[in-house]
Amino acid sequence: MKTVNRSSVAGALILLVSCAARPALAQENSPLDLTGTWRWINHEDERDRNPGAYPGDYRGIPLNDAARMRADTYDEEVNATSLLLQCRPRTPGYQAKGLDPMRIDKVVDPVSRQLVAYRISYEKTPGDRVVWVDGRQRPSAYALHSWDGFSTGTFRGDTLEITTTHLKEGFVRRNGVPTSFRATVIEHVSLQEPYLEWTFTVIDPDYLTEPLVRSATYMRAPTLQLPAYPCQPDDYQPDATYRVPHYLPGENPYLTESAFKYKAPLEGMRGGAETLYPEWRAHGSTLAPPAAQSTLKPAYSDASTRIAERADAQRPRPPAYDRVEALHVAGNVYLIAGAGANIAVSAGGDGVIMIDSGAAAASDRVLAAVRQVVQTLRPPEPAEATSPFGSSWQASHAFADPMIRMIINTSSNPDHVGGNASVRMSPMFRLLGFRDLSLSLQVLAHERVQQRMLEAKAAEMLVPTDTYASSKYTLYRYLNNQAIQIFHMPNAVSDGDSAVWFRRSDVIVAGDVYNSDMYPPIDVDAGGSINGEIDALKSLLDMSATDFMSQGGTMIVPGHGWISDAADVGYYRDMLIVIRDRVQAMIDKGMTLPQVKAAKPTLDFDPLYGREPGVTARFVEAVYRSLKEKK
Amino acid sequence: MNTPTLVLTVAAAVLSSLPLQAHHSFGGTYNVDKQITMKGKMVQVTLRSPHSFLYVEVEDAKGTVQRWVLEGAGATQFSQQFVDKDGFKVGDAVEVVANPSRSPNSTRGRLIRITRTTDGKSWGTKVGETVD
């Protein structure tokens, strides 16, 4: 028998005690009790909270020139004129500065009793934010963005680390310093009873040059009740033409106000990463504050101002369609993405209705995606009666081949119509059962799309077979149990754009009138115009409703990009109005197109919408021409 | 507890019970260093969160009627301070003091004080009656 020495015994005892002290498995992924109600402690940034950030105060923010220009031209009045912004919740990139009390609850799997998620309710954001801690994957790049984003959490020791993506555009200060829809927010939550320390870091490739790290403190408040928050947007000038309050570059009279009022150097007030470091302090102390308020004429010149040039300088790459994927949108409507322009399909008992067919080279993958959508549809609920089938499972899980009943084209752009021929020649293309197939709707578009393609001598199988010419066209019958209505969007991207509305699913397929991350490809020679484009977006918004707090509800499938809602379209409309106003002001000054392009009127939006080669230059030219030629 | 301490304690308690949060920045939206005064007729009262809106029609020197929008406190704070559906009503003749909007030509303001001229009922004169 071996001799057991004292240190071995002591070690074994320590191990035993530590094991006994370890929580059982069910608690291992929740070492902190974050649940309960918490009150925000307003001991930081009081001036930022009340009366609120002044224009031009960017202290402590490592923003780039694109963000600076957006903030310099921002008018907080826009929060009143836009019904979509009045009740806009904050993103996690600002929420912890938002003073809201909050309640945190656990979501526990009822069987395993494992922690699945935390639900966080903020006073002014009544829809719960969910932080998944069960290791689930992030959604597709084509998934809907939200104010809360998609959050996953991991415990690192005693700290909960939350990573959030899929955010809508937000702000990091309430004076127009933006955060991009590409931003990621990393939060670290640690508990020091009764305090909850909440550190949040914004990583924004579009508007920040370095991570922005801030923190807030909450205090446990067990008796706190979150009141109801019925934030109802109200149109305070119901008869007025919709406008977006903003300042033209170089015309905001308030940008020096903070520096003057607080006797601080203007250079520091303008923010930027270099002003955040101790080394800058010595330099800053040598700078004098402005002697009086004046209208600043800023120059913007850092790397963020050259996004469009860098995109144009990229070597052209042939498009790759190796990542075609299908996502559920709403009801029986699905998105097939990655095949050129977005494709929407309604799939159900009546077959498949395709909106656009993508690029020609992606057709095989598109048809495979259609098959995937149809054959993974949830089978219908069994009737509440004995099954008439010998094998009810087989009867209800045997899928017929997909039957594509028709294509509706939203435009004549090749990445929207390129797959028409392949789909029509596919055995899946089975029309709606007329004896004379020529009487069936096959490929439907506005008549201008057909005319333009015929004029361009497009291949016969690509050209729409059926057309409409009215402002609204309703399919003659419900298909897949819903009305399908097609709306002409005159003089938007072209003179033949259509939007398709699946009424019961509450999905609008917008075509290129709306792209979530790219300027619209307005073709002035084909009848497009910036004002027609803005009107088209207003029409989409008139047709849409949000579920709550300016998000969700009607889903809008963009021509390119991710599934969107009315808030995204509203941001896009507002961006276009701002750029239109800037270009119009330049035209009014007599500037030529080369001068307008050189002045970069889209500079501050290029990080969001100008990352594809040639897109920005074409867009600016289209805006200029359509205003100059009064289209 | 001596009197000054009591006053400070009560004041702190009153202030801490009020919502101190604007959903947007008042400093950014309004010129908080300026005040304007107007007389007119209440035409709409919208009590809601995060802020309420009082709509007042004001006739300018040229006889043109403008619809002013005065941003007030949230519905909860207002109701605690006797501004509810029975407080100010459509048709009331009122005098309003407000911070003007920074935006040129805007007819919006942040409510500082409102007084019904027929009976003197007012809001904005007591401790805590501020729009934050």
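What percentage of the 132 residues in chain B is buried? Buried residues make up 36% of them, a value that, like those in the legends below, comes from a predicted model.

**View 1. Chain B and its run of helices and strands.** Let us begin with chain B, which contains 3 helices and 6 strands. Read from the N terminus, the order of its elements is α-α-β-β-β-α-β-β-β. Of the contacts in chain B that link residues at least 6 apart in sequence, 55% join residues at least 24 apart.

**View 2. Where chain B touches chain A.** Here the two chains meet, with 24 residues contributed by chain B and 26 residues by chain A. On the chain B side, helix α2 (residues 26-29) gives the most, with 4 residues. That side of chain B comprises 13 polar, 7 nonpolar and 4 charged residues.

**View 3. Domains of chain A, with a look at the first two.** Chain A is divided into domain 1 (28-220), domain 2 (257-312) and domain 3, whose two segments are 325-378 and 400-565. The C-alpha centres of domain 1 and domain 2 of chain A are 26 Å apart. Their contact draws 18 residues from domain 1 of chain A and 15 residues from domain 2 of chain A. Sorted by class, the residues on the domain 1 side of this contact in chain A are 8 nonpolar, 6 charged and 4 polar.

**View 4. An open sheet in chain A.** Follow the strands across and you will meet 7 of them, in the order β12-β13-β14-β15-β16-β17-β18 of chain A, with mixed pairing. At the edges stand β12 (325-330) and β18 (466-468) of chain A; each has a single partner strand, so one side of each is left without a neighbour in the sheet. From one strand to the next, the twist averages 25 degrees.

**View 5. A parallel pair within the sheet.** Moving in on two strands of chain A, we find β16 (residues 404-408) and β17 (residues 443-446) running parallel and joined by 2 bridges. For A:I407, the bridge partner in β17(A) is A:V443.

**View 6. Two helices packed on the sheet.** Helix α11 (residues 363-375) of chain A packs on the sheet and touches β12, β13 (333-337), β14 (343-348), β15 (351-355) and β16 of chain A. The direction of α11 of chain A makes about 35 degrees with that of β14(A). Helix α15 (residues 447-455) of chain A also packs on the sheet, touching β17 and β18 of chain A. Its direction makes about 100 degrees with that of β17(A).

Note on methods
Residues are numbered from 1 along each chain as its sequence is written. Chains are lettered from A and ligands numbered from 1 in the order in which they are written. This is a predicted model: local features need pLDDT of at least 70, side-chain atom pairs count only at pLDDT 80 or more; totals for chains, interfaces and linings use all residues. A residue is buried if 20 or more other C-beta atoms lie within 10 Å of its own, exposed if 12 or fewer, and partly exposed in between; C-beta atoms are placed from the backbone. Two residues are in contact if their C-beta atoms, placed from the backbone, lie within 7 Å. Domain bounds come from an automatic or database domain assignment. Ala, Val, Leu, Ile, Met, Phe, Trp, Tyr, Cys and Pro count as nonpolar, Asp, Glu, Lys and Arg as charged, and the others, Gly among them, as polar. Two strands pair if DSSP finds at least two bridges between them. Axes are lines fitted to C-alpha atoms, for helices over the stretch in contact, and angles run from 0 to 180 degrees between N-to-C directions.
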